[in-house]
Amino acid sequence: MNIREFNVKPRIPPELESLKDLAMNLWYSWNWEAVQLFIRLNPVLWEESNQNPVEMLGRIPAEDLEAAARDESFVANLNRVHENFRKYLAGSGWFGEEHRDAKGFQVAYFSCEYGIDEGLPIYSGGLGVLSGDHLKSASDIGLPLVGVGLLYQKGYFRQRLNLDGWQQELYPDNDWYNMPVRQEIGPEGRPVAIHVDMAGERVTARVWRVAVGRTPLYLLDTNVAENSPHMRQVTSTLYGGDRDMRIRQEILLGIGGVRALKAVGAKPTVFHMNEGHSAFLALERIRDLMATHRLTFAAAREYVGATSVFTTHTPVPAGNEVFDHALVEHYLKPMAAELGLSSAEFLALGQAEPGRSPQFGMTVLALRTAAFANGVSRLHAETSRAMWSGLWPSLPASEVPITAVTNGIHTRTWISHDMQDLLLRYLGPKFAERSWDHRLWDRIERIPATELWRTHQHRKERLVFFVRRRLAAALRRQGAGMSSLRAADEVLDPAALTIGFSRRFATYKRAGLLFMQPERLVKLLANPERPVQIIFAGKAHPQDLPAKELIKSVVHFAADPRVRQRLVFVEDYDINVARYLVQGVDVWLNTPRRPLEASGTSGMKAAANGALNLSVLDGWWCEGWELDTGWAIGDGETYRDVEEQDRIECEALFGLLEREVVPLYYDRDRGGMPREWLGMMKSGMRKLAARFNTHRMLQEYTLQSYLPAHRAGEALAREGLAEAKALAEWRRRVGDAWPQVSVRLEGWREAEVQVGSPLELKVRARLGSLSPSDVAVEVWYGPLDPGGVIRDGRVACAEHVRASHGEHLFRVSVPCERSGRHGFAARVLPRHPSLVSPLNPLMITWE
């Protein structure tokens, strides 16, 4: 059968034509005034279309559109919103105002998932939502950035629970022609497509474009007729399939993504790998430079490394992708040949221990090919430095070049429109444009307590109504009886203390911590005078059976008649569910097993809406917790015995709930207002929302990584990449001479030094054929722990004095700022003015 294709477009009256512009740009997702337009057209259809305006416009009855076109107030409001949209697109933002001198600067941001809006379901959880917020804030601050990802035909699974509480997965197809995506069209009027070789098969991928405000997002799609059925499935499901499918997805994301940017005419100067899934992009960039500029692998690697940024997101092994060597060679042997590398040399790029590691790690590849690397909170950076210290043998763990850029949220996406209206009234109109400005958040004390409480209670009422509706819909689908449906209409009480717990159900997140003492939990929930209620939501990975059992146990506990109205599990957790929860709960509960929560952002979203966090000191909460912003479970301890940790922290959690959280919530004045609770709400919003946002995060990335990488690339690219070639040659020369390098102290005798007096040292170094300008002679110093290891170490740089008899004399002054037992050691590292990271790859000689 020869099926010919054509598109059918909605017929929009001329007066409403600008609705199409708004529907096709995800700017609407963080602008309530735009969302209101679509709700006003047809509120029922808005919900039925999963809050997707493109699908809604295609389904809305013609009479509704015609009525709106005749409604002068609707048309006037539409024109006003569209004018605001146009002004937004034409604006410059923070970057345009502060960094006009960064000519040609552009960041390419690669992520395997993007959670921008529920109407574009190509995300699974926190990583995707962060990526979506990253794009939104880039748009807001005017940062020249393009996103790259995959367009999954089925996205991530939809969760359904059977009557026994067992999770089942559904994979409905996405209809791209009724979503805010469009095929990228080239200058010749044809759809843009790229090609990638996979094990000898030529795979074609179409390029689609999503507009996220001013930020374009390019997505690759292999579901095209030219491909075999096997390859059409590459972009079928997010995190689906076996290891063979995963490596094909990551080849397409990394290698295909670089080619897609070239095909659409983008010329990024900096490439950001958000997690290791896209790390093959470094190899493609090296290959392309070698082919187009006739560079050696070493010279191309210098340029690519200097202009690459990598963010690691998790210390959990499952989050750090690895592949068997045979699978890597099966798909990437031609790439290795084009790079001029042997099989062993190629595999070594992804081996933690070159020549010995049994698997090829994507995180290892990213760390080896990016000069800029960071974790997503201070604690996570510290954990990552220890976790990956083996890549830098003989380097103190605290010096491992992984810094911290703590995650944030796109504030306007996650604050309820009721709360935004309140904040605009009292923080001022600039809040709409500068919701990250701490000076504006300082004005929160102006908000009358009664208005803040009324707004919060209104959101909680909406949350309760939403949960009842979702629960009833799930019960009807499961075939429940009328008694169960009637009970669903009575769950939760808008006046009761409401705790939210929603996130990916993984065992280390410990959703079951409260259930370790079931009778104590029942007593807490069923207290008639001070009731507590908990709303759970979250998905388990389809292959994570323990997590599925955990969900089942929560559902079974919720069926207990004693707590049926006080404990609910909301199925099919997504952005929409998350939004209702963070905007309506009183307390946000987070119980990960420290230090396995890299950052976490759901608590940030809740805090921005006035909820108080009750969390283990892990991830971002180590930086956010103060006595007036919420509660800390434990003191930041780590345990070798996880069962003991669970017992101790379960006890601490119940202690906080029973002695502090519940009493504070129900401590009311004569007017029924929880004054102290409201004081903590204001403190949390003022201190946390102003800091933990993606605008601040993007500014840190820009100043710490993006602009330095761009400038390093500019320097290396001059005169046909002459400096990159020279740097590669210098590195080869230094590497050849390094075995002859040694260092020793001269005339050292242990002595006592007073605080404030420097320790003067002389260091002699043999440099072989190298000159003093090729090296940095340093002293690593600091206080000693009981095991004789330097902690909180610092570096003192030595100055060259003279050369004599094949040795070079250096002098260094080590400051002594506090008393106690201290230690130091001398060392030599390579030094070059064009070297972005002297520790990557590592050459170091210690005394």
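Here is a short back-and-forth on salt bridges and one helix pair in this predicted model.

Me: How many salt bridges does a search of the whole structure find?
Reply: Side chains of opposite charge can pair when their charged atoms come close. Searching the whole structure for such pairs gives a total of 56 salt bridges.

Me: Let's start with Glu623 and Arg378. How far apart along the chain are these two?
Reply: They form a salt bridge, with the closest N and O atoms 3.7 Å apart. Glu623 sits in helix α26 (residues 621–624) and Arg378 in helix α16 (residues 378–387). So the bridge ties together distant parts of the chain, and the gap is 245 residues.

Me: In that pair, is Glu623 buried or exposed?
Reply: Buried means under 20% relative accessible area, and exposed means over 50%. Arg378 comes out at 53%, so that partner counts as exposed. Glu623 has a relative accessible area of 12%, so Glu623 is buried.

Me: What about Arg459 and Asp418: which helices do they link?
Reply: Their side chains meet in a salt bridge at 2.8 Å, N to O. The two residues are 41 apart and belong to distant parts of the chain. Arg459 is in helix α20 (residues 449–478), and Asp418 is in helix α18 (residues 417–427).

Me: Why does Arg459 count as buried?
Reply: The cut-off for buried is under 20% relative accessible area. Its partner Asp418 is at 14%, so Asp418 counts as buried. Arg459 also falls under the cut-off, because its relative accessibility is 5%.

Me: Where do Arg732 and Asp736 lie?
Reply: These side chains meet in a salt bridge at 2.6 Å, N to O. They are four residues apart, about one turn of the helix. Both lie in helix α29 (residues 694–737).

Me: Which residues do salt bridges with shared partners join into one network?
Reply: Salt bridges that share partners build one network here. Its members are Arg158, Arg160, Lys539 and Asp572.

Me: On to helix packing: why is α10 called oblique to α11?
Reply: Helix α10 (residues 243–263) packs against helix α11 (residues 280–293) with their axes 8 Å apart. The angle is about 45°. Roughly parallel would need an angle under 35 degrees, and roughly perpendicular runs from 65 to 115. The α10 and α11 angle fits neither, so the pair is oblique.

Me: How many charged residues are in the contact of α10 with α11?
Reply: The α10 side includes Glu250, Arg259 and Lys262, while the α11 side includes Glu284, Arg285, Arg287 and Asp288. By class, the contact has six nonpolar and two polar residues, and the charged ones number seven.

How values were computed
Residues numbered from 1 in each chain as written. Predicted model: local features only at pLDDT ≥ 70, side-chain atom pairs only at ≥ 80, totals over all residues. Heavy atoms only, no water. Salt bridge = Lys/Arg side-chain N within 4 Å of Asp/Glu carboxyl O. Buried < 20%, exposed > 50% of the residue type's maximum accessible area, 1.4 Å probe, protein only. Axes fitted to C-alpha atoms, helices over the stretch in contact; angles between N-to-C directions. Parallel < 35°, antiparallel > 145°, perpendicular 65-115°, else oblique. Contact = heavy atoms within 4.5 Å. Nonpolar A, V, L, I, M, F, W, Y, C, P; charged D, E, K, R; others polar.
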